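Welcome, and thanks for taking a look at this one with us. Below is a short briefing on how the parts of the model meet.

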Amino acid sequence: MSLSASDFAFVAGLVRRESAIVLAPGKEYLVEARLLPVARQAGAGSVADYLGTLQRRPDPAAHRSVVDALTTNETSWFRDREPFSALTDVVVPHLVGTRAAARSVRVWSAACSSGQEPYSLAITLQQALPAGWRYQIHATDISTEMIKRASAGEFSQVEVNRGLPVQLLVNHFTRSGTGWKVAPALRENVTFQQLNLTAPLPALASFDVIFLRNVLIYFDVETKRSVLRNICKLLRPDGWLFLGAAETTIGVDEGFERVAVGRTSAYRPRATVPAGTLGKG
Amino acid sequence: MTEQPTPTVDDLREIAEQVWAAYLDPEGVRPFLVGEPGEPGTAVSASVSLTGGWHGHVVVSCSSGAARHAAAAFLAMEAGEVSDEDMTDVMGELANIVGGNVKSMLPAATAVSLPHVVAGADNRFPTTRRICELSGTWLDEPFSISMWQGRGLAEVPAA
Amino acid sequence: MHAIVIDDSRAMRLILRRIVGQCGFEVLEAGDGRAALDLLGGLDTVPQLALVDWNMPNMDGLEFVAAAREDARLRDMTLVMVTTESEQSQIVRALAAGAHEYVIKPFTAEAMIDKLALLGLVPTGANT
Ligand SMILES: C[S@@+](CC[C@H](N)C(=O)[O-])C[C@H]1O[C@@H](n2cnc3c(N)ncnc32)[C@H](O)[C@@H]1O
């Protein structure tokens, strides 16, 4: 039982159109395995049957399930740790100086997956901000399924094991069913919204810090560039952008400048880039 | 006496998902397909007994092919290298993990026994009734996880 | 670097041996807390890490952790509970007894390595 070339092309096209994620040939086994539960759920006998029906009768809800099943949602608490230490050690102290009038900080988790990133940010800010300060974390993802899960704030044993120090588990979560639920004191500072980074962005108030981590890697260079341009418009001119460990704006979008923060680096908008200038400014 | 909340088939499903994600299918490419009638093919049953705040048993059973695949996945071996002892130990550990997770949802004073593994279906629980079962196939082999509740404190736990 | 894996399940000891072995530890095994104390008592160098199950015959993991905290020779050993016990109150008990970290079964290999990174026993990002 193996996926035909035309079925694979159909799926790859769909995923690429809806999420800009590229599924290279050779991933047939992955497509087949990931779609099997989706096909069974829909009552189809096999993945081929399911895709056959879908090609004859397009169905936006089913398209979403296919895209969801094939996007990688891999994430963990305090992923790579250094960006979170940098917030505590460098970014928060700086913001406490520059945002003293408002006493509030706004952070965007722009590909939040199942929610570990925005709640890790919430724990970090809760601990690092002085008393009397408020913070809001806006968490978005293309996947409605991920947004639903993240906003429920419930995590399995397998998930809480990954990178969450046990003392923070005990302090900020309570047991619920077979897993754990995030405490209301954190949950109430986090908002969730379904959002496709590669489509025109909705109007959002600007942010002091943007986490755009481990999502650019899935896009081609043109898509990366346009995502970074759009994101930059939502970042305060003195704000910080954090990317994944394997990602950079360098050579993609010269509107950002890389700066060292703690033991990692972040990106800050350049003051102004003369029109037509690409490469080193 | 207040009715104790009893774990449901949805709870078993969530626990199973975690066990598969952690040990049997970390890549997410060999899922446990729930809902297909488990054909009569049970060759191995592993169980733990719960006593104290709640009385009953958690049973994991499957065909010998599935037990072999489970041991291979768990121990990172080839299916051909798996010994009978490997299968017994891994099935016992699966029952222990599922049982331990079920326990955490039950009244505080509940304790989990050491696992017990037998060949064939496990018929040692005459005074209990099955309260939920998650059955289906894994790698085209029958696989099931079930919970059996004792009729009350009078029940003498097996094993 | 040395680690000791204390669990009554041979299958679980094999999994843990494989994971911490990959992180460069030489691994000793014991089937319960009492056997672990006996084994540790006869060693010249104490392992840096102990992975400790909770429910075991003879001496359970909680008793082992408490005993290890009392023993000056074992003071520098990092204690990680690895167990299905996952009620909040149980975790708090284990931390109060002296456990440094806690991993709930089922766990993935990545989760175990992440915890070792949190404890500074393997480099951060050993996982990515
Ligand atoms: C690998 S996860 C990264 C999660 C988290 N930021 C982290 O670093 O751990 C990638 C996430 O990006 C989301 N994603 C993929 N394409 C997207 C798009 N076009 N717009 C928004 N989110 C997208 C996926 O749904 C997935 O949850």
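A polar contact is a pair of N or O atoms within 3.5 Å. Under that cut-off, a nitrogen atom of the ligand makes such a contact with the side chain of Glu117(A), at 2.9 Å from an N or O atom there. Please keep in mind that this is a predicted model.

**Around the ligand**

- The ligand is surrounded by 21 residues.
- Which residues are the closest to the ligand? They are Thr75(A), Arg79(A), Ala111(A), Asp141(A) and Asn214(A).
- Thr75(A) also has a side-chain N or O atom 2.6 Å from an oxygen atom of the ligand.
- The backbone takes part too: a polar backbone atom of Ile142(A) is 3.2 Å from a nitrogen atom of the ligand.

**Where chain C meets chain B**

- Here 17 residues of chain C are in contact with 20 residues of chain B.
- The two chains bury about 1,600 Å² between them, and carbon and sulfur atoms give 55% of that area.
- On the chain C side, Arg10(C), Thr84(C) and Pro106(C) supply 34% of the area buried against chain B, which is more than any other three residues.
- How many salt bridges link chain C and chain B? The count is 6.
- Residue pairs in polar contact between chain C and chain B number 9, with both residues at pLDDT 80 or more.
- Helix α1 of chain C (residues 10–22) gives 6 residues to the side that touches chain B, the largest share.
- Sorted by class, that side of chain C has 6 nonpolar, 5 polar and 6 charged residues.

**Arg10(C) and its partners in chain B**

- Arg10(C) forms a salt bridge with Asp89(B), and their closest N and O atoms are 2.6 Å apart.
- This pair joins two chains, because Arg10(C) lies in helix α1 of chain C and Asp89(B) in helix α3 (residues 84–103) of chain B.
- Arg10(C) counts as partly exposed at 23% relative accessibility, and Asp89(B) is likewise partly exposed with a relative accessible area of 21%.
- The side chain of Arg10(C) also meets that of Glu85(B) in a salt bridge, at 3.6 Å from N to O.

**Where chain A meets chain C**

- This contact takes 19 residues from chain A and 23 residues from chain C.
- The buried area between chain A and chain C is about 1,700 Å², with 57% given by carbon and sulfur atoms.
- Arg81(A), Asn161(A) and Val166(A) lose the most area to chain C among the residues of chain A, and together they make up 35% of what that side buries.
- The count between chain A and chain C is 1 salt bridge.
- Arg162(A) and Asp114(C) form a salt bridge, their closest N and O atoms being 3.0 Å apart.
- Across this interface there are 11 residue pairs in polar contact, both residues being at pLDDT 80 or more.
- The elements of chain A that give two or more residues to the side touching chain C are α8 (157–161), α9 (166–172) and β4 (173–176).
- That side of chain A divides into 9 nonpolar, 6 polar and 4 charged residues.

**Salt bridges within chains**

- Side chains of opposite charge can pair when their charged atoms come close.
- Over all chains, a search of the whole structure finds 26 salt bridges.
- In chain A, Arg16(A) pairs with Asp220(A), with the closest N and O atoms 3.0 Å apart.
- Arg16(A) lies in helix α1 (residues 5–19) and Asp220(A) in the loop between β7 (207–212) and α11 (221–233) of chain A, so this salt bridge ties together parts that are 204 residues apart in sequence.
- Arg16(A) is partly exposed at 38% relative accessibility, and Asp220(A) is partly exposed at 28%.
- In chain C, the side chains of Lys115(C) and Glu101(C) meet in a salt bridge at 2.8 Å, N to O.
- Lys115(C) lies in helix α5 (residues 109–118) and Glu101(C) in strand β5 (residues 101–104) of chain C, so the pair ties together parts that are 14 residues apart in sequence.
- Are these two residues buried or exposed? Lys115(C) counts as buried because its relative accessibility is 2%, and Glu101(C) is buried with a relative accessible area of 5%.
- Back in chain A, Arg99(A), Asp208(A), Arg236(A) and Asp238(A) are joined into one network by salt bridges that share partners.

Notes
Residues are numbered from 1 along each chain as its sequence is written. Chains are lettered from A and ligands numbered from 1 in the order in which they are written. This is a predicted model: local features need pLDDT of at least 70, side-chain atom pairs count only at pLDDT 80 or more; totals for chains, interfaces and linings use all residues. Side-chain values use heavy atoms; hydrogens and water are left out. Contact means heavy atoms within 4.5 Å. Buried area is the accessible area (1.4 Å probe) that two parts lose on being put together, summed over both. A salt bridge is a side-chain nitrogen of Lys or Arg within 4 Å of a carboxyl oxygen of Asp or Glu. A polar contact is a pair of N or O atoms within 3.5 Å; within protein, one must be able to donate a hydrogen and the other to accept it, and residues adjacent in sequence count only if both atoms are side-chain atoms. Helices (H or I, at least four residues) and strands (E, at least two) are DSSP runs, numbered from the N terminus. Ala, Val, Leu, Ile, Met, Phe, Trp, Tyr, Cys and Pro count as nonpolar, Asp, Glu, Lys and Arg as charged, and the others, Gly among them, as polar. Buried means under 20% relative accessible area, exposed over 50%, partly exposed in between (1.4 Å probe, protein chains only). A residue is near a molecule or strand if one of its heavy atoms lies within 4 Å of it.
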